[in-house]
Amino acid sequence: MSDCGGGVDGYYRNGKLVLIDAKSQGGEFGFLVKTFYIDQNKFLKIIYREYYADLEKYNRDYPADKNEFDPAKMTYTDTVYSIILTDPIIVIKKAGEKITDRTPNQTLTDELVACGQEMNIELQRVIRQVDSLKFVKEMPYICETGICGDKLYWEVVRLGVSGIAELLIEKLDDATPTSANVPLFGGNYTVADIAFEAIKEIIHDIPTFELLGVPFDKDGCGYCAYWQHVNKNPKNRQKFKTAVKTWYHKNKNSLIWVKSNDFVTCDCKGQHPDGGHYQLKTNE
């Protein structure tokens, strides 16, 4: 989420930001969309769309003192600016399919560029937070009171599913070791292991062993089946990453937010840092 852009998606190719797509509410009935095409950290083109309810026309045609409000009768204005950031700037303004103006609007252009730069900074900040998982020194385990573990881990969890699910999934084959010890099973967490713990804390009830393709060790050491499998062969982590990514994209539109203080990562008590978690919507 961005102050100037609303909900923001950043698209990357070979680690470079190539597209920003942002959508925000434009009043009670309507929305604004800002799309930035980027090359080598330079904005090339901006598509700006204003989609507004024509409340003035509606109130004129259907006075409130004579009609009940009916959103189906609402009409909308749909204005799209295509701004090519050459020298000089090229602007094409459309209402529907009709070109209505080609006059450059420097004020609007400057505002949009400033917003794009702000969103770029915000995206980089989120990436740095996820990258900071490699510096985690202690994972939460058993907390007598409150929440334990490295604050870097919980700061990532607080970002929530919409901010970092894709980034965390991309870390699931990163076998870089950290200094965080794995209780009971020995060894140290890798970045991939911590990333998956964060995903589970954000989205509850992910079918870990189904996605791993191995059974939970019911008759032996239980969760050790996870550690044995992912550490056996680097390809196992890659396959697991693909399975988690497939599961997420299949189910992400069915995830609902639940306010709770339930923890998955640890036996912790108190207020959950994110105030709740996501889980799959049920038919009940």
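Here is a short conversation between a visitor and a guide about the predicted model above.

Visitor: Which helices and strands does the protein chain have, and how many of each?
Guide: Welcome! This is a predicted model, in which local features need pLDDT of at least 70, side-chain atom pairs count only at pLDDT 80 or more, and totals for chains, interfaces and linings use all residues. Residues are numbered from 1 along each chain as its sequence is written, and side-chain values use heavy atoms, with hydrogens and water left out. Helices (H or I, at least four residues) and strands (E, at least two) are DSSP runs, numbered from the N terminus; in the protein chain there are 8 helices and 11 strands.

Visitor: What radius of gyration does the protein chain have?
Guide: The radius is taken over C-alpha atoms, and the globule rule is 2.2 Å times the number of residues to the power 0.38. The C-alpha atoms fill a box of roughly 70 × 55 × 35 Å along the principal axes. For a compact globule of 284 residues the radius would be near 19 Å, whereas the protein chain has 24 Å.

Visitor: What percentage of the residues is buried?
Guide: Buried means under 20% relative accessible area, exposed over 50%, and partly exposed in between, using a 1.4 Å probe and protein chains only. Counted over the 284 residues of the protein chain, the buried share is 39%.

Visitor: Which helix gives the most residues to the largest nonpolar core?
Guide: A nonpolar core is a set of buried Ala, Val, Leu, Ile, Met, Phe, Trp, Tyr and Cys residues joined through side-chain atoms within 4.5 Å. The largest one has 43 residues, and Tyr153, Leu168, Phe196 and Tyr226 have the most contacts inside it. Elements giving two or more residues to this core include α2 (106-131), α4 (160-170) and α8 (234-251). The top contributor, with 6 residues, is α5.

Visitor: How many residues are in the other core, the one with Val8 and Ala22?
Guide: In soluble globular proteins, nonpolar side chains tend to be buried together. Here another core lies apart from the largest one, with Leu32 and Ile83 also among its members. Its residue count is 19.

Visitor: Which elements do the buried residues of α7 pack against?
Guide: The buried residues in α7 are Cys224, Ala225, Tyr226, Trp227, His229 and Val230. Contact means heavy atoms within 4.5 Å, and Tyr226 touches residues including Asp193, Phe196, Thr208 and Phe240, not counting those up to four places away in sequence. As a group, the buried residues of α7 pack against β9 (188-190), α5, α6 and α8.

Visitor: Which helix supplies the largest share of the lining of the largest cavity?
Guide: On a 1 Å grid over the protein atoms alone, a cavity is a set of points where a 1.4 Å probe fits but cannot get out, while a pocket is an open set with protein on both sides within 12 Å along at least five of seven lines; lining residues have an atom within 4 Å of a point. Grid points are joined across faces, edges and corners, and volume is the space filled by probe spheres set on them; the search finds 1 cavity of 30 Å³ or more, with about 60 Å³ of space in the largest cavity. Of its 11 lining residues, Ala165, Ile169, Ile199, Ile203 and Tyr248 are the closest to the centre. The largest share, 4 residues, comes from α4.

Visitor: How many charged residues line the second largest pocket?
Guide: This pocket holds about 290 Å³, and of its 13 lining residues, Tyr141, Phe185, Tyr189, Tyr223 and Thr265 lie nearest its centre. Ala, Val, Leu, Ile, Met, Phe, Trp, Tyr, Cys and Pro count as nonpolar, Asp, Glu, Lys and Arg as charged, and the others, Gly among them, as polar. The lining has 10 nonpolar residues and 1 polar, and the charged ones number 2.

Visitor: Is threonine 109 buried or exposed?
Guide: Threonine 109 sits in helix α2. Leaving aside neighbours within four places in sequence, threonine 109 contacts Ile83, Leu85 and Ile89. Because its relative accessibility is 3%, threonine 109 counts as buried.

Visitor: Where is proline 88?
Guide: The peptide bond from aspartate 87 to proline 88 is cis, with omega near 10°. Proline 88 lies in the loop between β5 (76-84) and β6 (90-95).
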